[in-house]
Amino acid sequence: MTGKIRVTCVSDVVELLPILIGIEPSESIVATPLMSPGAPIMNCDYRPDVPLGKWLEFAADSTEKMCGSGDVRWAAVVIYSDPEEGKDGLSVAAEAAPFIEVFADAFKQHGTELVFKACVSGERWWCINCEDPHCSHDPDGYPIPGIGRVTAEATVAGRSVVGESMRDVLKRWSPIEDYDAQKVSEVVQAATERLHPAGNEGSMAELWRAFECADQALREGNSPDEETAYTLIVGCVVRGNRDELLSRILSEPASWERQRRLWESLIPLCVEPLRLLRCAPLIILALLELAGGREAFGRLALKEALETDPNYLMAQLLYGGLNEGLKPSELVDAVRFSLIASREREDDDA
């Protein structure tokens, strides 16, 4: 960043965190170290999928990652959770309070004070166990801050103002609802026969043809046709095919934004009972998001892949790497070098 973003109260933190992570969170935890209360905010740890039973483990991992160097004295944690039917935001905030204290205890282990604690729920936010004498502690909570000083400072510092929420993204990735199941089944079967005409491991020639057709369509401002789209989806079920495409995609940064649009457009086409087919497009999309500096979107894509298939190995490895503290750029580089090394070994064995 090129400038400073000051946070002086919980409201500032609630206003800033969506900008910092690049998306409006929901069902998420965001923990961030501070240089000091009232000083510039630092990098944060964002997780969109930590179940309640894992919060203790997450708190320990997160605080270790942020405070392991021993030079972080203050921190903030905000929990984002929508109320279930029959409950309101106040009850969610009350349920979140003990888990916030889990973080407070974990930060204390590193000599760090958790100075800002909040829960965002139902379009409002609440202070959690707040000790600020100037806080009104309104039981009805407070409205989500609009565009204010913090947003202005973030814009000057080079941060983009958030334009969509997690709900928007997940809705965009959801399987299309209006489709002809018989027709989709026939298209998938035809793609399978083209890719595996004799039950072989896969025909990369056919997959490359579909890849080039899709890329050309995007260059011309169009979407790939149905046959091309499902050829890519079905072709990437084979790990070797997926990895060959990934190797090429990651080696061409100029095409990343175009490829991001392509693979995102394929995810909703993976309708029931073919939902498992969405894993490979989600993985490719996740790596493109990480490569483009959009970690929040990359994490969300990995979360969706693991919810679709908890045993999908590449999703496990990538998500584990992020949670261990690897930077997105480091993770993408590691994948690219691994794919290159694997290809070289195959060439040596040939």
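**Note on the predicted model: cores, helix packing and a buried loop residue**

1. In this predicted model, the largest nonpolar core comprises 83 residues, and the members that touch the most others are L232, W263, I283 and L287. Helix α11, spanning residues 279-291, is the greatest contributor to this core, supplying ten residues. A separate core of 24 residues lies apart from it, and includes V72, V77, I100 and F107.

2. As to the chain overall, 14 helices and six strands are present. The chain has 350 residues, of which 48% count as buried. Its exposed surface amounts to about 17,000 Å², with 51% of that supplied by carbon and sulfur atoms. Among contacts with a separation of 6 or more, 68% are between residues 24 or more positions apart.

3. I283 merits a closer look. Leaving aside residues up to four places away in sequence, I283 touches L302, A305, Y312, M314, A315 and L318. Of these partners, M314, A315 and L318 belong to helix α13 (residues 313-323), where they are buried. Also buried in α13 are Y319, G321, L322 and N323. After α13 comes G325, which has a positive phi, near 105°.

4. The next point concerns the packing of helix α5 (residues 166-173) with helix α12 (residues 295-308). Their axes come within 11 Å and cross at roughly 50°. Because of that angle, α5 is classed as oblique to α12. The crossing of α5 past α12 is right-handed. On the α5 side, the residues involved are M166, V169, L170 and W173; these meet F297, L300, A301 and E304 of α12.

5. Where does V271 lie? V271 is in the loop between α10 (256-266) and α11. Is V271 buried or exposed? With a relative accessible area of 1%, V271 falls under the 20% limit and is therefore buried.

6. The surroundings of V271 involve residues from another part of the sequence. V271 touches P175, I176, Y179 and V184, not counting residues up to four places away in sequence. V271 and A181 are 90 residues apart in sequence, yet their C-alpha atoms are 8.4 Å apart in space.

7. For inspection of the model, three places may be taken in turn. One is I283, with its contacts to residues including L302, A305 and Y312. Another is the right-handed crossing of α5 and α12. A further one is the loop between α10 and α11, which holds V271.

Technical notes:
Residues numbered from 1 in each chain as written. Predicted model: local features only at pLDDT ≥ 70, side-chain atom pairs only at ≥ 80, totals over all residues. Heavy atoms only, no water. Core = buried A, V, L, I, M, F, W, Y, C linked by side-chain atoms within 4.5 Å. Buried < 20%, exposed > 50% of the residue type's maximum accessible area, 1.4 Å probe, protein only. Helix = DSSP H or I, 4+ residues; strand = E, 2+ residues; numbered from the N terminus. Contact = heavy atoms within 4.5 Å. Areas by Shrake-Rupley, 256 points an atom, 1.4 Å probe, with all protein chains shown as cover. Axes fitted to C-alpha atoms, helices over the stretch in contact; angles between N-to-C directions. Parallel < 35°, antiparallel > 145°, perpendicular 65-115°, else oblique. Left-handed = near helix turned anticlockwise from the far one by under 90°.
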